[in-house]
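Got your viewer open? Load the model, colour it by secondary structure, and let's walk through it stop by stop.

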Amino acid sequence: RPSLPTRKPSGSCLLDPPWALPDDAALSEELAWEDGGSPRSPSGQCCKSPPPPGVLGERMSVDWIGYGYAALVASGGVIGYAKAGSVPSLAAGLLFGGLAGVGTYQQSQDPKNIWLSLIASGTLTAVMGMRFYNSRKFMPAGLIAGASLLMVGRLGLQMMEKPLQP
């Protein structure tokens, strides 16, 4: 029976999940058992397993362009309300900005999950494109229609990318 460490080191796998190991290699000695063995959980499994997706320790890419687009749409609704008192602008801006933000978050978790972002930006492309066509005013319809069209194109390109081969 191996003897237990005299004190529980931070990130040891006695009680912590396997992905809670410290990154510093200098602490590897602290994690070893007193008899010189490798650190193992009470069930005998090695603590060196990779973290599950989305768990602290795995770096997820952040889609700054997608979040910027969501902020642009939401702020457009707020500005429309502040300048003209338009409650429909506020509601639509917050709704579509929120949908675009949630869609971007989903896509950062799973790069192939683009459907919510595509629906939000596609709808805004059609609606604001028609408003721009009828009014010929760049602000706000032309700006949002253009940004939404760029997002639809970007998402379309991401859909057509081939998955990476191992």
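First, a word on labels: helices (H or I, at least four residues) and strands (E, at least two) are DSSP runs, numbered from the N terminus. On that basis the protein has five helices and zero strands, so from the N terminus on, the elements run α-α-α-α-α.

Before you click further, note that this is a predicted model, in which local features need pLDDT of at least 70, side-chain atom pairs count only at pLDDT 80 or more, and totals for chains, interfaces and linings use all residues. Residues are numbered from 1 along each chain as its sequence is written, and side-chain values use heavy atoms, with hydrogens and water left out.

**Stop 1: the whole chain**

Show the surface. About 11200 Å² of the protein is accessible, and 66% of that belongs to carbon and sulfur atoms (areas come from the Shrake-Rupley method with a 1.4 Å probe; for residues, only the protein chains shown count as cover). Of the 166 residues, 27% are buried, where buried means under 20% relative accessible area, exposed over 50%, and partly exposed in between (1.4 Å probe, protein chains only). Now switch to contacts, meaning heavy atoms within 4.5 Å. Among those with a separation of 6 or more, 53% are between residues 24 or more positions apart.

**Stop 2: α2 against α3**

Select residues 64–84 for α2 and 87–109 for α3. How far apart are their axes, and at what angle do they pack? The axes are 7 Å apart and the angle is about 170 degrees; axes here are lines fitted to C-alpha atoms, for helices over the stretch in contact, and angles run from 0 to 180 degrees between N-to-C directions. That makes α2 roughly antiparallel to α3 (angles under 35 degrees count as roughly parallel, over 145 as roughly antiparallel, 65 to 115 as roughly perpendicular and the rest as oblique).

Show side chains where the two helices touch. On α2 you'll pick up residues including Gly66, Tyr67, Ala70, Gly77 and Tyr81, and on α3 the list includes Val87, Leu90, Gly93, Phe96, Gly97 and Tyr105. By class, this contact has 13 nonpolar, nine polar and no charged residues. For that tally, Ala, Val, Leu, Ile, Met, Phe, Trp, Tyr, Cys and Pro are nonpolar, Asp, Glu, Lys and Arg are charged, and the others, Gly among them, are polar.

While you're here, draw two distances to Gly97. From Ser75 in α2, 22 residues away along the chain, the C-alpha separation is 8.1 Å. From Gly68, also found in α2, it is 9.8 Å, with the two positions 29 residues apart along the chain. Ser75 is partly exposed at 32% relative accessibility, and Gly68 is partly exposed at 38%.

**Stop 3: Ser117**

Jump to α4, residues 115–135, and select Ser117. Buried or exposed? Ser117 is buried, at 5% relative accessibility. Leaving aside neighbours within four places in sequence, Ser117 is in contact with Ala100, Gly103, Thr104, Gln107 and Leu155.

**Stop 4: from the α4–α5 loop into α5**

Arg136 sits in the loop between α4 and α5 and is exposed, at 57%. Check its phi: near 55 degrees, a positive value in a residue other than glycine. Go on to the peptide bond joining Met139 and Pro140, which is cis, with omega about -5 degrees; Pro140 is found in helix α5. For background, most residues other than glycine have a negative phi, and most peptide bonds are trans.

**Stop 5: the salt bridge**

Last, select Arg154 and Asp63. They form a salt bridge, with the closest N and O atoms 2.7 Å apart (the criterion is a side-chain nitrogen of Lys or Arg within 4 Å of a carboxyl oxygen of Asp or Glu). Arg154 lies in helix α5 (138–160) and Asp63 in the loop between α1 (28–31) and α2, so the pair ties together parts that are 91 residues apart in sequence. Arg154 is partly exposed at 22%, whereas Asp63 is buried at 12%. The structure holds one salt bridge, and you've just found it.
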